Structures are given as C-alpha cells and as structure tokens.
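This report goes through a structure step by step, for a reader who has not met it before. Please look at the sequence and the model first.

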Amino acid sequence: MTHTLRRLAAGVVAAVCSWGSPSAAQRATQDVRPVVVASKPFGESYLLAEIFAQLLESHGLAVERRPGLGATEVAFAALRSNAIDVYPEYTGTGLLAILHDSLTAAMRADPRRTFDHVSRGFAAAYGVRWLPPLGFQNGYAIAVRRETAEQHRLRTLTDLARAGSMLTAGFTSDFIGRPDGLAGLSREYGLTPKAVRPLAPAVKYVALASEAVDVIDGYSTDGLLAKYDLVTLDDDRRFFPPYEAAALISARLANDRPDAIAVLTRLSGRFDEARMRTYNRRIEVDGEEIRRVAADALRDLGLVVSAVGGDSAVPSLTRPGFVQFLWSRRAETVSQALRHLQLVLLALVAAVLVALPLGLALERSRASAEWVVGALGVLQTIPSIALLAFMIPLLGVGVKPALVALWLYALYPIARNTYTGVRDADPEAIEACEAMGATARQRLLWVRLPLAAPVILAGVRTAAVISVGAATLAAFIGAGGLGEPIVTGLALADSRLILSGAIPAALLALAVDGALLLVERAVAPAHLRVPRHTLLSRSSNVAGYRPRG
Amino acid sequence: MSLSLAANNVSHAYGGSVALAGVTAHVPEGAVLALVGESGSGKTTLLRTFNRLVDPDAGSVFVSGEDVRTLDPVELRRRVGYVPQHGGLLPHWTARRNVALVPTLVGMPDAGRAADEALEQAGLDPAEFGGRLPRELSGGQRQRAAIARAFAARQEAMLLDEPFGALDAITRAEAYEAFERVRRELRFTAILVTHDLAEAARLADRVAVMQAGRIEQIGTVTELRRNPATPYVQSLFARAEAALDALVS
C-alpha cells in the first residue's frame, strides 16, 4: 500500500512541477521566453494590456497573456520577481501604494516630476523600469449627477465641500482607506458629507444614477461617466496626485529584450483622456470585446494595420438572454471548469497525502497535537488574496502558487478530522485490543482508522468544498479556472459574466461534495452501514438491536 | 493448564492520588480470586498490573513466578485473557472475527475454527451468532462473546473487570453459567473484579476485600463472614445479608 502511495505522490509532484510552465525540453526549442503581458482586474487595465500584447505580436514577438492579476500587490509582486514582464500602472499608485512615499508640492504642480521621482525610486529599489507615460491620466474623479451639480452649483471640489453636508457619499472601500482618498480629501477641502456609504466598485455608478447616493469616487477615464451623463468636479486645490498611465517593465525584460522595449515605447505619449474614455465606454458600457477595441485603438493610432477587428466593429448593443449567453460560452465554461477541477483535485490529493499521516502521527504525540493543528488553523485565517500574494516571489504566477495555496488551505480540515477521529474512536474497544496484546500499529490499522474513516472523509469533503471556493480566487494570480469570468465580470461590472463563473463553481462544489459522500459511505465501518442481515425479520432478536449503551 | 498470579507489596499512585498502598495477594494455578470493594478502592488498578496496563510505582507482580517487568507486555497480554466491563468488542467486526483476535495475533493456524470453538463453549452457536456484529447481539450475548475472546487462544489466565456489572439479573445468570462452564473445562486462573459480594461468593474460590488501596482481608467467603478482620468487612457482609433478608421476607 505504501508503495502505491509513494508512486502516487511522485506522480502528483511531477504533474505539479511540469504544469503551467514549459518543460526544459520545450524551453530548449524556443530561443526566448514569450513576453508575459499582464493587467490588473479592471477594464482600462485589461485594454491597455491587450494593446501592448497586440502591438508586440504585430512585430512578430511571442506573447503570453496574464490578464486580471489580483490587485496592485499581486501584479507588482509578479513583475518584481520577473514572473510577468509588463503591465500598465499609474504613477500615483506607484508613488503611494508601492513606494509608500508622499506627494510634494512640486510634484502636485507638475505630473512630470511625479513620474521622474517614481521612475528613479523604482529603478533604485526594485530594478523595475517605467516606460515614458502613455499620454493620459486616470486619477480620482469625484462625480455627481448633472441635476445635483446644477442644483447646488457645483463645479469644483471647493464647491462640493460647501454643499457637502447635504449630500450622501458612496465611496469604494479602497478610497475610504487610502491616505490620498477620503481622509486627505476631508482634510484638504474640509469636506464632511451627510453620510459615507462603502460601495463595491461594480455598483457605484448604478448607486449614483439611481440616487441611492449623491457623490462617488470614479476614475477620470471611466466609460460610465459618459453613459450616465455625470459631472466630474475640478480638483481646484490639486489634492489628488497625478495618475499618469505607463507601461511598467520587469528587470528581465529591461535587460534582455531591447526589441520588446522598443516596440512598447512606440505607445508613449500617443493617448489622451477623451480617447481612453471612448474606448473604456465601448468595453464597460457597450460590452464590446476587449480584443476588438484594442485592435481599433492600434489602428486609430496608425500603429497596426488592423489584424483583428478589420471589419467595421459593430457593437453588440442588443444583449442576448442570459441562457443564450451561457450557452454561447459553453466551450470556455467547460474548459474552465475542468481546469478548476484539476486545481482542486491535485491540491486535495496532495493535502490528503500530507495531512492524513500527520493526523495519525499527532494521535501518537498528543502533547504537540493542538499546537500543530492550531498552526494549520492559523493558515486558514490568512485571506486567500494575501496568501496568493505571498506565494508570488517564491513561485511566480499561474498554477503553482495557486496549487500551493489551495493545498495549505486543505491541510487543516483533513489533519484536524484525522486527529480527532482516530483519537476519539471507541476508547473501550481500543483498550480491549491493547489488553489482548495488539500492537499500536495493529490498533491503528484494525480499529482506529476504520472507526475514524467517516470523520476523516468528512474532513476531506470540507477541504474539497473550501478548495472549490478558494480556487475561484486563483484567477487573480493567473491560474485560470472558473474564477476567470468572475474576476473579469467584477472588473467590468458584468453580472452575467460573474454568474457564468459563479453558477458552475457552485455546481462543481455540490458535485465534488456528492462524489465524496459516496466515498464516505463506501468506507463507513460495518456497524454504521444499513443493517444487512435477514435477522431484522426475526422478532425474537429485535431486542438485541439496541445500540450499545 | 494455568498460571499462578501474585502481587507482592504493590503500590501505585495516579498523580497525587494513591490507588494501591502496598497490596500483597496470591492466586494459585486454576483458582479464582474476586476483588471486592467500592469504586476507587484500587481493585481495577490491581487487576491491570497483571497484564501491564499499569506498571506499579513499587512492589512486584509475578505471572507464573516471573516478574512481569521482565516480560514483553505484548507477549504477556496475549497469554492472559481480558474481559472489560462493557465487553470492548470491536463494533465493526463480527463476533467470530472479534473472538479470533488473539488466535490471529498469536498466529494460530486456524483462528476462525478456534473462535467457533470458543463461541460454542461460551454458549453461543457459532453458526447463528458468529456472523453477527456486536450491535446485533443482546447484552448477555455480547459479554459471552467477550469471555470467549479472552480464552479462544487457550489463555492460561483471565482478568475480568466487572464483566457482569451492566447486565440485568436474568442475563447475568446466563453469563455466570457460561463462565462456570468454560472454567470447569479449561481450568484457567482468574481474577474477577466486582462490587457484588454475592457474585464473588458464587464465582470465586477466595475473596479479597479492598478499601482505599489496601486489602482489608483475604480468604474464602465463609472465613470472611465468620471472622471479619475489620469493621469494614463486617459491615460489607451485614449489608449483603440485609439485602438478602429483604428479598426473602
């Protein structure tokens, strides 16, 4: 049995190691690694990354796409460790969220100074390079409905501060928490809204349009500003830092691939805010494909003679029904579900191989058991995104860090149930066995394990269902699976896309749980199964059926 | 075929609480000694020193003249049968497989047949009951299977820890008969822990009355009754007789 287990373990390890990255043999046949182009999970970031990718491809460079990486910490950690090569970033974010620096008066006055400062800071601290800015800013834009602006005569943030006490604000939790967000804004302008409601990014425009709130934080190039005819207020005291968009380049790319740098630099200074707002609107409002909008943008700039969206792009203004939508995505959904299942099963098998023997070992050394199981429990409290972000410097992005994170999450329920299951298995039967001269090993194999089997399987089921849920977050680090449409859908405020990942994920959780229920029944010890004998029909023996007291 | 059992000035404490305070007792080959006393008197602890479930702090325990400390506990336990209060049958094994446990452990060539013989001797038809799980047996049948398990490998001594305590009166009488029958056939040495003086009188050759980790008196029931050595022994008999009188009148 141990032999089979060992071979199984070796197989799992081999599969994990070979999957997600090209094998040595594959690598040898390619002279260079493809340029890994990534984005953060929101519309404009997806679009810029796709523009980078298509431009590189049009120059004959191989590209690998990793769209929608977690958030700033995840994307930057990936870039810093050379797991990705380029993603679009903003100078203000670089200054405040990555360098943890503050804005000087000089930087406020001139965005170029911010860029120079950030650019120098990144090169010194991380060896990471900023290409010259793309030409537009996407900073915070405080927005109100047009009627509100007219009613209170609002044009600037100073005006807003004056009327603030009559208005309800709906801000994203990101904005509420950042130093350059609500706190700073209140200090600088003396703004005190009637109330502040935390809103998810996906719903803030709808909340404003439906008059649930009166003020929101948006971004200056958001396509939805145009859709809802909103007014953005002028930052007359220049409180918000400049958020110039630029391509952020890994040290590896900067050193090894002057060809790619030359291509990407052609985009510098070519964009403006009006243009970006139009593109963003096509993606966020009209639901056009990012690939097509990117192709159009490159054609507009005269950089690529259209390869993708050659025919005049017809926006799909009439949206098909939800069922049709799901059906149209079926091939993608199936392959994402299979990838999802693969992630979960590999992580689960690896967790069983470690946590089951661990639980058994702990039963033999109970003094340390609560400490060890407790430590695994602490792992459980680390938010998945944080855990995934920790993995990136060690394992890069993609499948490997996702598997390791899922594996870590699955250890606790299995180890805990194995330990308590074997510890609490019928103490009298086990003592009798000991008193008859059964060795510890025999007691384990004959009594403790069979009696604990249902409890252990219950732990495996818990771990499996947790893993199916946690694996949706693996999309944030580019591992694919059903989290992919969820992450993109959240970024684009597209609830159909979110559901097209969430519903199959829920069904997958039920299916995995159901399959393991069958296993649980199969391993249940004889006395916990449905009575098998003909004895039930014999009334004289019925009294004998009462369970042991 | 039997072993002698002896304890020589045995003391043991769990943490700070004294369970045995210098106990000496001897059970000759083929004899049955009953340990009678209240809960906490040390009788179960004394019993468990004979198969090394408890290694006493002081004093020596002998099985067939050998100090048990010199014996491998696993080997020792396979030679000495054990019947716990609730039988301790493995709930997921059939009666036959349970009874075949020690024959299997000691590598008897036909453990299944040994188990069937033992079931038969304990008064359970192996054809009818051998294939049943413990939950498919009555309380008395379970205890008889537990006794069968304790001698199926032809063990030469048996340790019984209140094996009949949880049974109702009629079932208990059946179990007594089964025990007496196998004892007549196999002549093993036994130590029986009980809090019931009447049970001790029926099943044992000699009785040791225990209190607070000491043996108050040891002898036949008749000796103890006629010449109680301590007020405690006297009161024990007085209470047992009062119960009997209440039953008769």
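How many residues does helix 3 of chain A have, and how far does it reach from its first C-alpha to its last? The model discussed here is predicted. Helix 3 of chain A covers residues 43-58, which is 16 residues, and reaches 22 Å, close to the 22 Å expected at 1.5 Å a residue. Of these 16 residues, 14 are buried, so helix 3 of chain A is largely enclosed by the rest of the structure. After helix 3 of chain A comes A:Gly60, which has a positive phi near 80 degrees.

Chain B contains eleven helices and ten strands. Its radius of gyration is 18 Å, close to the 18 Å given by the globule rule for 249 residues, so chain B is as compact as a globular protein of that length. Along the principal axes, the C-alpha atoms of chain B fill a box of roughly 50 × 50 × 35 Å. Buried residues account for 49% of the 249 residues of chain B. Of the contacts in chain B with a separation of 6 or more, 68% are between residues 24 or more positions apart.

An open sheet in chain B is formed by four strands in the order 2-1-4-5, with antiparallel pairing. Strand 2 (17-27) and strand 5 (66-67) of chain B each have a single partner strand and stand at the edges, so one side of each is left without a neighbour in the sheet.

Two strand pairs of chain B are set out below.

| Strand pair in chain B | Sense | Bridges |
|---|---|---|
| Strand 1 (residues 5-14) and strand 2 | antiparallel | eight |
| Strand 6 (residues 80-83) and strand 7 (residues 157-161) | parallel | four |

Within the antiparallel pair, B:Leu5 has B:Val27 in strand 2 of chain B as its bridge partner. In the parallel pair, B:Gly81 stands opposite B:Met158 of strand 7 of chain B.

In a regular strand, side chains alternate between the two faces of the sheet. Strand 6 of chain B is covered on both faces: B:Val80 and B:Tyr82 are buried on one side, and B:Gly81 and B:Val83 are buried on the other.

The two chains also touch: 23 residues of chain A are in contact with 23 residues of chain B. On the chain A side, helix 23 (427-435) and helix 24 (440-471) each supply at least two residues. Helix 23 of chain A gives the most to this side, with five residues. By type, the residues on the side of chain A that touches chain B are 14 nonpolar, five polar and four charged.

Terms used
Residues numbered from 1 in each chain as written. Chains lettered and ligands numbered in written order. Predicted model: local features only at pLDDT ≥ 70, side-chain atom pairs only at ≥ 80, totals over all residues. Rg over C-alpha atoms; globule rule 2.2 N^0.38 Å. Buried ≥ 20, exposed ≤ 12 C-beta atoms within 10 Å, placed from the backbone. Contact = placed C-beta atoms within 7 Å. Expected span 1.5 Å × (residues − 1). Pairing = 2+ DSSP bridges. Nonpolar A, V, L, I, M, F, W, Y, C, P; charged D, E, K, R; others polar.
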